[in-house]
Each structure stands twice: as C-alpha cells, then as structure tokens.
Amino acid sequence: MVRHAGIASGVIAVIVVVALLAPWVAPYDPIAQPDIIGLKNLAPSFSHPFGTDSFSRDVLSRCIYGARISLSVAALATAIAITLGTLYGAIAGYVGGAVDAVLMRIVDAALSIPRVLLLIAILALWNGLPLWLLIVVLGATGWFGLSRMVRAQVLSMRELDFVAAARALGASGPRILFRHILPNVLPTIIVAATLGVGHVIILEAGLSYLGLGVQPPSASWGSIIQDGADQIGAAWWISLFPGLLIVTTAIACNALGDALRAAFDPRENAVTMAELDS
Amino acid sequence: MTSARTNPALLQVTRLRKDFPVRQGLQHSLFGRNAAAIRAVNDVSFDIARGETLGVVGESGCGKTTMGRAILRLIEPTSGSVVFDGIDVATLHGAALRSMRRKMQVVFQDPFSSLNPRMTVGAAVREGMLIHHLAEGRAADHRVKTLFEEVGLNPDYASRYPHEFSGGQRQRIGVARALSVEPEMIVCDEPVSALDVSVQAQVINLMQDLQRDRGLTYLFIAHDLSVVRHIADRVAVMYLGRIVETASADDLYSNPTMPYTQALLSAVPRPEPGRQTARIVLQGEPPSPANPPPGCVFYSRCQHPLKDDDCTRVVPPLEEKTPAHFAACIKQPSQLP
Amino acid sequence: MTDPLLSVSDLRTYFHDGEVVARAVDGVSFDVAEGETVAVVGESGSGKSVTALSILRLIRPPGRIETASSIRFQGRELLQLSDGEMRTIRGNRIAMIFQEPMSALNPVLTVGEQIAEVVRVHTDASRHDAWERAVEMLALTGISAPRERASEYPHQLSGGMRQRVMIAMALVLKPALLIADEPTTALDVTIQAQILELLQRLQEQLGMAVLLITHDLGVVAEVADRVVVMYGGEVVERATMTELFEAPQHPYTEGLMSAMPRLDRDAERLVTIPGVVPPSTAWPSGCRFRDRCSYAWDRCATEHPPLYPVGDEHESRCHLAVEPLRRSESHTPLTVRVGADS
Ligand SMILES: Nc1ncnc2c1ncn2[C@@H]1O[C@H](COP(=O)(O)OP(=O)(O)OP(=O)(O)O)[C@@H](O)[C@H]1O
Ligand SMILES: Nc1ncnc2c1ncn2[C@@H]1O[C@H](COP(=O)(O)OP(=O)(O)OP(=O)(O)O)[C@@H](O)[C@H]1O
Ligand SMILES: [Mg+2]
Ligand SMILES: [Mg+2]
C-alpha cells in the first residue's frame, strides 16, 4: 500500500512539475506550425518523441501544455465540488431534521441523473463555453456523492461527547462545525478530492473529445486525442500519447486516494492507538 | 421539597420531562407530531443548594444522562423548568443561552469520545476562555498552565493530542476544560465509570478538592453506589425516568425506603468475604420506557409485602416520609429483609 | 494431590510490531482445580484478557504465545494440540463469555439458533434436539418464556438477557471450565446480582470450574475461592480469597483495596495509587510496580522480585516478603496525594 502510494504521488508530482515548467521543458512551441507539409504527421523520432500532428505541431509539446489545462480544469473543478459538497453535507448533517430531509432528497434526485448525461445536456445547449464556465459546470455537478458522505459523518459526529462539550462551553454553531466537526471529516474530504481529480480528468477528456469541453485554440489532453481521432490508423501517436497520460494520471490519483483512505481508516490504526493508550 | 438546608437553591428543576420520538422519518420530521414516544425523563423535580453535591443513581437506561443533558440544554426538554441562579434556563436562546452556559459545565463518562481527537488538549482547555473573552494570548496560555497544574497534569503536555493520554489523564483534561470558564456548577455524567479503581480514586479526590477550593456545586451521575455514597451529600434514585427516592447520603444508605432502593443497595457486592447481606434479586426486566405502566413504575418487580392493586392505580408522589427523606411509595416502608 | 483441571505455567504472550515487543503477558502461572472459582483481578492493561485468550489459543498475529509457555488442561498440553483438536476443546470443554454481549452475538440469527449452532458443531445432535437443548438452557438461565425468547434476535433483548444468552451458549455443552471475562462489567448492580447468582447456581449444578476475570473486588469477595492479582503482565499475588482480603501482601493489592470507595464506611478521602501503569512495551527493570510504590527502595530497581511464599497457599511478588521490617518503617502505606501525578 505504502509503496503504491509512493509511486502514485511520484507520478503525479512529475506531471505537475512538468506542467508548471512547460515553457522551459517543452521542446517546441505547441501551437507553432513550422512546416505544414514537410513536418506533417511525422512518426515518433528522436527530435519529436511523440511525433507531430497534421498541422506539423510537436505532440509532446502539445501534451506538456495540455497538462496545464487538463490538470487545472480538474483541480479547480474538484475544489469547487469539494467546497459545495462539504458545505451542503455539513449543513444538512448539522442542522438535521426537516432541513436535512429536504436537502438530502434533492441530492438523491440529482444523483439519479448520470453526471455525464447531465454535462452533455448542459454543454450541448451552451455552445462554445468559456473555460472558466466549463470548470464551474464540472464542479457544480460533482459534489452530490461527497455531500452525502460528509452529511453522514457530521450526523454521527454531532452526537459525540466532545461536540456536546463544545456546546456546553457556549460555542456557536459555525464554530462547532468548523473547529470541531469538519477537521474530523477532513480525511474523507481529502480522499474524495484525490479521487475526484482523477475522475474529472477523464470526464473533461471525454467531453473535449466530443468537442463539448475545452475549445480551441486551448488544448487539453482530451482535445489532442480529438485532433488525432480521424487518422488513428495512419498517425496513431497523436491520440495514443495523450491517452496514456490521461490513463496514467487517473490511475495514479485513484491509487493515491485508496492509499489515503486506508491510511485514514481508524481500523488500520487501531493497534497503534491501543499501544499509545496503554 | 423544602428541607432544613440553609443555603438557597442554586439549581431548581421542576417537573422536567423529556420525550424521544420513537420513529423518525421524513413525514414525521416534516409534518408533525409523533404519536409514540419514549418517556426518558418523566416529571422530575429537585433542587441543589450552592456547594452541594447531589448524586443520581439508577439502572442503565433510566434517564440519568438525558436528565443531565436536558438541564444543560444540550437537548431540549419537552416540558418543565430549570431555574439556575434565578434564571429559567429553559427559556433562554441564542447569545443569552451561550453566555449562561459559562456557569454550568459538564464532564462526560467516556474519556475517549469527550475530547476532539484533532485538537491539542491545550486548545481544548483554552477554547472556552476565548469564547467568553475571559482571557486571550499570553494570559490565556498562563491560565491553561495554571489549570493543568490544578488538575494534576504537567503543563508541558498542553501541546499534545488526546490519544497521547491515558483514560484518567483525559478525564482530568475534561475537568480542566469544564473549569476553564469558571462555572458554578458541573454536571458530572459518570465521570469515573470508565476508570480503573486506582485511577478512579485519583479523579474523585481531585473533584472533591476542586469543590472545596472553588465552592463548586455538582450534579453527580453514577451507577456505582459506593462512589456516590463517598462523594454525594444527597442522593436521588431514579427508576424508569422518575425520581423515586431522595435523601441525604447517610440517611438513604442506612434507611432505604422505596423498595427499588432497597433492592439496589442490597445488590451491591461488598468487598468483604462472607459479609454479604441478604440480597434482593429483582425478578424480570424493567418495563419499556416507551410504554410505562400506569401507577407505580416499579410495581411489576416490587418485593414489598404490602403491594396491591392500589399501586397500579396512582403514580405514587414523592412524599416526605421522615424529615428530608422523600420516597415515592404509597405503602408503609418495609424493613430490609 | 490430583492434577488440577487447568494449569498455566510461565505463560508468555507477546505482541510483535517490528522492533517493538509488547510483553502483554509475561510469565504467568496459576492453577484452577475442578469445580472451583478462581478470580483474576488487576489494573486495566495488566494482561487479564490476553491470558484468557491465550488459554483458548485465540491470540492472533502479531500476538504470539512464546515457546516456553505451558497450558495443561485435563492432563493435556493445549499448546501442543493441532488446530482441529483445539476446536473440539474450545466451546465444548472450555467455554468463554465475553464482556460485551452485543458484539459477541450475531445480530442476524435468533438467539436460539446461535445456541443450537454450538450444540450442532460439537455433537451429532439433530437440528430439533439442538434447538430443544437451547430452549432448556435458556430456561436454566432464568429467562421467562424461553421458547418464545429463543426465536428472538439479540437486539430484541435487554443487556441482562443478552448476557444470559451468552451464558447459555457457553454452558450448553456443560464445559469443565468456564472463562468469564468481565461478565458483569457492562451491567447494573441489580442485573449483576442476577447473573452472579445464576453463575453460582449453574456451577453447583454442573460442577464446572470458573476462571472469573474482573476488576470489582466486591464481586471477588462474593464468588471466588482463590484470587490471582495481576500487574504489568505478571502475577503479583496469589492467595485464597479470605486470605487476600484479610492480609493482602503486595503493595499493589493493598492499594487496590484502599482505593475503593466503600458503601459501609465513609472515608474523608480515598487513598490513591499515584501514577499510571507503564506501557507493556517498556516494563521498568526490577519490580514493575516500583514507580508507584511508596515502599520502594534500591533493591526494587535492580532485582526483579520472584513470587515469595508468604503463607499457606499465599505468594507475593514483593521484596517486602523477605525484608518485612521495611513495611513498618514507612508508616503510611501509600502516600495520599492531591492528584499530583501524570
Ligand atoms: N437520542 C435519543 N433518542 C431516542 N431515545 C433515547 C435517546 N437518548 C436516550 N434515549 C432513551 O432514553 C432512555 C434514557 O436514556 P439515558 O441515556 O438517559 O439513560 P441513562 O440512565 O443515562 O443510562 P446509562 O446508565 O446506560 O448511561 C433510554 O430508554 C434510551 O434508550
Ligand atoms: N492485539 C494486540 N496488539 C498489541 N497489543 C495488544 C493487543 N491486545 C492486547 N495488547 C496489549 O496487551 C496488554 C494487556 O491487554 P489486556 O487486554 O490483556 O488487558 P486487561 O488486563 O484485560 O485490561 P482491561 O481491564 O482493560 O480489559 C495491553 O498493554 C494491550 O495494549
Ligand atoms: Mg448515561
Ligand atoms: Mg480485558
């Protein structure tokens, strides 16, 4: 487990660093079209490790810049989703009663619609969405599951004695929620965030592939796959390399999420706690 | 309940009741009144004088915790009044309630769940001071340190987390947290039940010292009758949500009047070989609090020789049988067998 | 003298976590004769439960019963039996009841089924016979309407009834030895009284021996014939029950006796044992109680005390047994301290 987590976080760290340093590490300009005839659809070689596309652009450089888009869309959308889901779930769980019942029925309804369908519907209606709106839409549709988890935890934690003690001390509702309850829900949130990033990368790629996501001239990994989609037989490298990157990143995020979940699981730590108690 | 006690009552509880709905579904929480309810606390009245310790005993599920929490307004009482120092706590709201809380604190049974695992114990003790603006910055640090010393903990431990402490040490931290806002009364809900005999003695002594030094008033809930005898001035015995007997500790332990109290006391194992007095072994189970029987709640298990149908007709009132000794039994007290 | 029913000698059960070794049970020896009740008392974490689980060989890794240990039961060395042979003993010849009756019962089976299951695993009784024995056993434990109760689920029963079900399950095969790990700690005194009376009655009827783990000295005084006091993974005192209450020898036992609030006498202050039990991963050298002992002198830090005989069937693991003058020198048995420990 620990080894997997190490590898996963290593992979993620490399991709993030490369994306951040794109102007310095990318061998070519990702949008330059140096020779649309001579350098078109070159197979991978030493000078173009990932080959070139039909506009003679270097696929490796495009992938490196694409990482910036893919990762930031995923990170920002997840941040939005986490914030919404945590607040919504925390309010439902903490206030309880009828408020909780209504809020949770809304989530149930939202969860019954597949997210991809929902996204396609929204994006298809709204042609040529600006990037920031895409992020908002991805974030706003991704918090339902988390809100239920947070709510369940808040609900059970609300009954614990240390929360009662805080109330007895005169702590206000928000103070109890933010100082006492949410820090204890943090493990769930962190795990959900890690898994969420992996999920959004795939989602966004799918949408961009369908032409509904990131719009040109910006290019995410998904849009690069789309660039090569119609010549997948002749110039497979255009789609293969961004595809591999998507799969690798998503798997790394999932592995890290699972490892974190295991690490946060109290049952895994039970023995050490008992030791400390004795 | 007027007795010869001279101190004015600090806490007066009158006809306190707490019902829990039996089912909770959407329809119930959205639209309305629940028909069935558990009578967890049923028509309880008592008072506590300033500086006094009232012990509360009774079997598991009889409503001790619920009563303590309803007094603290950690749960909303269904009806009844709780007057603390002349103010009816049951009617307070918002900021007024929060500032009232300073005066009434609580120490819990479970040393593990009663501290936030992600907050240092120093921060836990400090929190109340910040909430009530009693001290800030350096001054707060200093007070935390003093409190740690007062409860017998090394002040250097303030930056540690709860899991680094033993059960007894955590109970001390819980006591320090309660003391941080300088309360007048502390509701102690089985504060030593989870502790070893040797650690229990340490915590009990600590609580007694604090009471002496600070003039604290305790509502001390416990199921260990020996502990209550040791710490309490007066004792209230609960059965199925009702107080069935109250008297001074000495009086109650030497002259238990209500048949349930007699059974309870006779059941305590004595750590003295061969000294066990005849035990009254109660038959059957206590009735369900969702469906309490009419009349005396103890009727079904009562061993009183004179028990008869009258007992099932009236709820026996808590009557003063001998001076300052109240019992809820309509029959003449029987002697212990 | 005939062989005792159970003879534990030099039992060591360690938990290995990498380099760190928790010596939870560290050289424990005691006997249980047929039909008698032996109580094991001691501070939380002193190894009482681990001892009980070791006897049944229920220790799971990283826990391990170390090689020199021996547990003889009815003349057989349990530690040498195969797992299959051990299963025929467990639940059959030696039964155990646990502290928490709710977690030890299966919530999705009726209590009757659970008791009958024990019978069917160990005997070739038919389904019907097993069920009848379950009902019979429930009746014996004093549950009214046992036939109806047998088809109820654990959550439908009260705590006291669940504990009786546990007892019925443990006793249905009439074991020679019952190990009861804090059977009444989770219960009220009134229910505790019912259960203790039940156990004593059944013990007489079935002639079994009981190893009773508890920290309630009141319970010990009521039911035990002999007592084993544990501290720090070791036996620190062993005596008959009356002897132990009349003349406790080990300072820990003394402390335990005086730390208890009493119903029958009203002390102004309780006598406390200062400090806490050291962790099982780092027992102090010499005597394990010395940090908390008011008699302790230099010998206690250097020399690990053996179990000295101090009377008829009475042993104490304290150097005071050979230097009794030191006891009278310090006149207060234990310092009365104002919560100043940590
Ligand atoms: N939140 C709740 N919802 C429904 N019923 C409850 C709730 N809290 C307590 N009860 C019920 O109220 C009754 C009294 O419970 P309470 O916890 O006050 O008993 P207690 O005397 O403190 O028992 P113990 O000695 O086991 O702590 C019980 O029947 C219990 O099941
Ligand atoms: N699975 C385990 N892994 C590591 N250490 C363990 C394990 N089980 C028990 N121990 C350690 O063994 C020691 C003895 O534990 P044990 O449960 O036998 O104590 P006990 O005397 O039964 O205490 P209590 O009165 O609290 O039940 C403790 O220090 C405990 O931390
Ligand atoms: Mg309670
Ligand atoms: Mg144990």
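These legends walk through close-up views of a predicted model, one contact or ligand site at a time.

**View 1. Chain A meets chain B.** Welcome to the contact between chain A and chain B, to which chain A brings 25 residues and chain B brings 33 residues. Together the two sides bury about 2,500 Å², and carbon and sulfur atoms give 58% of that area. On the chain A side, look for A:Asp161, A:Ala168 and A:Leu169, which lose the most area to chain B. These three residues account together for 27% of what the chain A side buries.

**View 2. Polar links between chain A and chain B.** Here we stay with the interface of chain A and chain B, where the rule finds 3 salt bridges. One pairing to pick out is the salt bridge between the side chains of B:Arg69 and A:Asp161, at 2.9 Å from N to O. A:Asp161 has already appeared among the residues of chain A that lose the most area to chain B. Polar contact across this interface involves 12 residue pairs, with both residues at pLDDT 80 or more.

**View 3. The helices of chain A that face chain B.** Four elements each give two or more residues to this side of chain A: helix 4 (97-111), helix 8 (161-169), helix 9 (173-209) and helix 12 (266-277). Which of them gives the most to the side that touches chain B? That is helix 8 of chain A, with 7 residues. Sorted by class, the chain A side of this contact holds 14 nonpolar, 5 polar and 6 charged residues.

**View 4. Ligand 1 and its surroundings in chain B.** Now turn to ligand 1, whose surrounding residues include B:Phe20, B:Ala40, B:Glu190 and B:Pro289. Also around ligand 1 is a run of neighbours, among them B:Ser60, B:Gly61, B:Cys62, B:Gly63 and B:Lys64. The shell divides into 4 nonpolar, 5 polar and 3 charged residues. Helix 2 of chain B (residues 64-71) gives the most to this shell, with 3 residues.

**View 5. Oxygen atoms of ligand 1 up close.** Three distances help you find your way around here. In the side chain of B:Ser60, an N or O atom is 2.6 Å from an oxygen atom of ligand 1. At B:Lys64 the partner is a polar backbone atom, 2.8 Å from an oxygen atom of the ligand. For B:Thr66, a polar side-chain atom lies 2.4 Å from an oxygen atom of ligand 1. Taken alone, ligand 1 exposes 630 Å², and the protein buries 63% of that.

**View 6. Chain B meets chain C.** The next contact takes 47 residues from chain B and 46 residues from chain C. About 4,000 Å² is buried between these two chains, with carbon and sulfur atoms giving 55% of the area. How many salt bridges are counted between chain B and chain C? The count is 1 salt bridge. B:Asp209 and C:Arg269 form a salt bridge, with their closest N and O atoms 2.7 Å apart. The count of residue pairs in polar contact is 6, both residues being at pLDDT 80 or more.

**View 7. The helices of chain B that face chain C.** At least two residues of this side come from each of helix 6 (167-179), helix 7 (197-214), helix 8 (225-231), helix 9 (249-254) and helix 10 (259-267) of chain B. Helix 7 supplies the largest share, 10 residues. The chain B side has 19 nonpolar, 16 polar and 12 charged residues.

**View 8. Ligand 2, a site shared between chains.** Why is this site called shared? Residues from chains A and C surround ligand 2, so the site is shared between chains. Of the 14 residues around the ligand, C:Ser44, C:Gly45, C:Lys48, C:Ser49 and C:Val50 come nearest. Helix 1 of chain C (residues 48-55) gives the largest share of the shell, 3 residues. By class, the shell holds 3 nonpolar, 7 polar and 4 charged residues.

**View 9. Oxygen atoms of ligand 2 up close.** Two backbone partners are shown first. A polar backbone atom of C:Ser46 is 3.2 Å from an oxygen atom of ligand 2, and one of C:Val50 is 2.9 Å from an oxygen atom of the ligand. From the side chain of C:Ser280, a polar atom lies 3.2 Å from an oxygen atom of ligand 2. Ligand 2 taken alone exposes 640 Å², of which the protein buries 76%.

Note on methods:
Residues numbered from 1 in each chain as written. Chains lettered and ligands numbered in written order. Predicted model: local features only at pLDDT ≥ 70, side-chain atom pairs only at ≥ 80, totals over all residues. Heavy atoms only, no water. Contact = heavy atoms within 4.5 Å. Buried area = accessible area lost by both parts, 1.4 Å probe. Salt bridge = Lys/Arg side-chain N within 4 Å of Asp/Glu carboxyl O. Polar contact = N/O pair within 3.5 Å; in protein donor to acceptor, adjacent residues only side chain to side chain. Nonpolar A, V, L, I, M, F, W, Y, C, P; charged D, E, K, R; others polar. Near = heavy atom within 4 Å. Areas by Shrake-Rupley, 256 points an atom, 1.4 Å probe, with all protein chains shown as cover.
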